[in-house]
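Open the model in your viewer and keep the sequence panel visible. The stops below give a selection and then what is found there.

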Amino acid sequence: MNDDKVSIHVLGLSYSQLQSGAYALILAEDKGPRRIPVIIGAAEAQSIAITLEGIRTPRPLTHELFVSFAHAFGVRLKEVNIYRFEDGIFSSELTFSDGESTVTIDARTSDAIAIALRTHSPLFTTRAILEKAGFIIDEDELRRDVAENDAEEDENSYSMHDDYHAEPRPENFTIEELERTLARLIDSENYEEAEKISRILNRKKGLEGDNA
């Protein structure tokens, strides 16, 4: 591998503190403390979150359709490389191979990562980008920030009817109720709400496992 290339992975998603309605996709180097925040839109964040949460949609989303199309013709994604950072924008390229020839195409970083996650393909960037756009954060602090963002999102999403006559809050659902709600949301293709319910369900299952 090129000495300038650094292997990275997706660490998580959180609300962007810099741009309203946007999300920060946090990338981390595999063997180091540096992190890269990539600002992406809500639709791209939803597509990535669905994969990270392991949610299976009844119909293929755009990125899944792209992957299926490529695989149908024997084309595989070898890697994604974030190769440039300029004026606050990351540029990425995807390298594909059909076993005989290799081709590299340009793509938005959010799309490239959404496809890479679905194909379990490696992610890379350069040392120069890590030094220019990266930062170092303590793992415990990052987990606290993500948890606080999740809690704030759940509160903002479900507290508007929080009175005596309000509908039950998902946080108070049983695991079985959450699973039924998640399945219903996926069937209706309401993936944004499904992703929120999935996070609540995973947290509740984690707490139940801790108390077992």
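Contacts between residues 24 or more positions apart make up 54% of the protein's contacts with a separation of 6 or more. The model is a predicted one. Show it as a cartoon to follow its seven helices and eight strands. Colouring by burial marks 42% of the 212 residues as buried. A surface display covers about 12,600 Å² of accessible area, and carbon and sulfur atoms account for 50% of that area.

**Stop 1: strands β1, β2 and β3**

Select residues 23–29, which form strand β2. How many of its seven residues are buried? The count is seven of seven. Now show the side chains. In a regular strand, side chains alternate between the two faces of the sheet. In β2, Tyr23, Leu25, Leu27 and Glu29 point one way, while Ala24, Ile26 and Ala28 point the other way. Both sets are buried.

Add residues 5–15, which are strand β1. β1 and β2 run antiparallel and are joined by seven bridges. Within this pairing, histidine 9 has alanine 28 of β2 as its bridge partner. Leucine 11 is also part of β1. A distance label between the C-alpha atoms of leucine 11 and alanine 28 should read 6.0 Å, although 17 residues of chain separate the two. Is leucine 11 buried or partly exposed? Its relative accessibility is 30%, so leucine 11 counts as partly exposed.

Next add residues 34–40, strand β3. β2 pairs with β3 over six bridges, in the antiparallel sense. Leucine 25 stands opposite valine 38 of β3. The connection from β2 to β3 is a hairpin of four residues.

Stay here and select glutamate 29 with arginine 34. The two form a salt bridge, with the closest N and O atoms 3.0 Å apart. Glutamate 29 has a relative accessible area of 7%, so this acid is classed as buried.

**Stop 2: other salt bridges**

The whole structure contains seven salt bridges. Two more are worth selecting.

Pick arginine 108 and glutamate 44, whose side chains meet in a salt bridge with an N to O distance of 2.9 Å. Which elements does this pair link? Arginine 108 is in strand β6 (residues 102–108) and glutamate 44 is in helix α1 (residues 42–52), so the contact ties together parts 64 residues apart in sequence. The partners differ in burial class: arginine 108 is partly exposed at 47% relative accessible area, whereas glutamate 44 is buried at 15%.

Move to glutamate 193 and lysine 196, a salt bridge with its closest N and O atoms 3.3 Å apart. Both residues belong to helix α7 (residues 191–211), and because they are three residues apart, about one helical turn separates them. Glutamate 193 is partly exposed, with a relative accessible area of 23%. Lysine 196 is buried, at 7% relative accessibility. Then return to the arginine 108 site and add Asp111: Glu44, Arg108 and Asp111 form one network through salt bridges that share partners.

**Stop 3: aromatic rings**

A pair of aromatic rings is described by the distance of the centres and the angle of the planes. A search of the whole structure finds three aromatic pairs.

Select phenylalanine 66 and phenylalanine 96. Their ring centres are 6.0 Å apart and their planes meet at 55 degrees, so the pair is tilted. Where do the two rings sit in the chain? Phenylalanine 66 is in helix α2 (residues 62–72) and phenylalanine 96 in strand β5 (residues 89–97), so the pair ties together parts 30 residues apart in sequence. Phenylalanine 66 is partly exposed at 36% relative accessibility, and phenylalanine 96 is buried at 8%.

Another tilted pair is formed by phenylalanine 85 and phenylalanine 90, with 4.4 Å from centre to centre and 35 degrees between the planes. Phenylalanine 90 is buried, with a relative accessible area of 10%.

**Stop 4: a charge over a ring**

Finish with lysine 5 and phenylalanine 124. The charged end of lysine 5 sits over the ring of phenylalanine 124, at 4.5 Å from the ring centre.

Key
Residues numbered from 1 in each chain as written. Predicted model: local features only at pLDDT ≥ 70, side-chain atom pairs only at ≥ 80, totals over all residues. Heavy atoms only, no water. Helix = DSSP H or I, 4+ residues; strand = E, 2+ residues; numbered from the N terminus. Buried < 20%, exposed > 50% of the residue type's maximum accessible area, 1.4 Å probe, protein only. Pairing = 2+ DSSP bridges. Salt bridge = Lys/Arg side-chain N within 4 Å of Asp/Glu carboxyl O. Phe/Tyr/Trp six-rings, centres within 6.5 Å; stacked < 30°, edge-to-face > 60°. Lys NZ or Arg CZ within 6 Å of the ring centre and 35° of its normal. Contact = heavy atoms within 4.5 Å. Areas by Shrake-Rupley, 256 points an atom, 1.4 Å probe, with all protein chains shown as cover.
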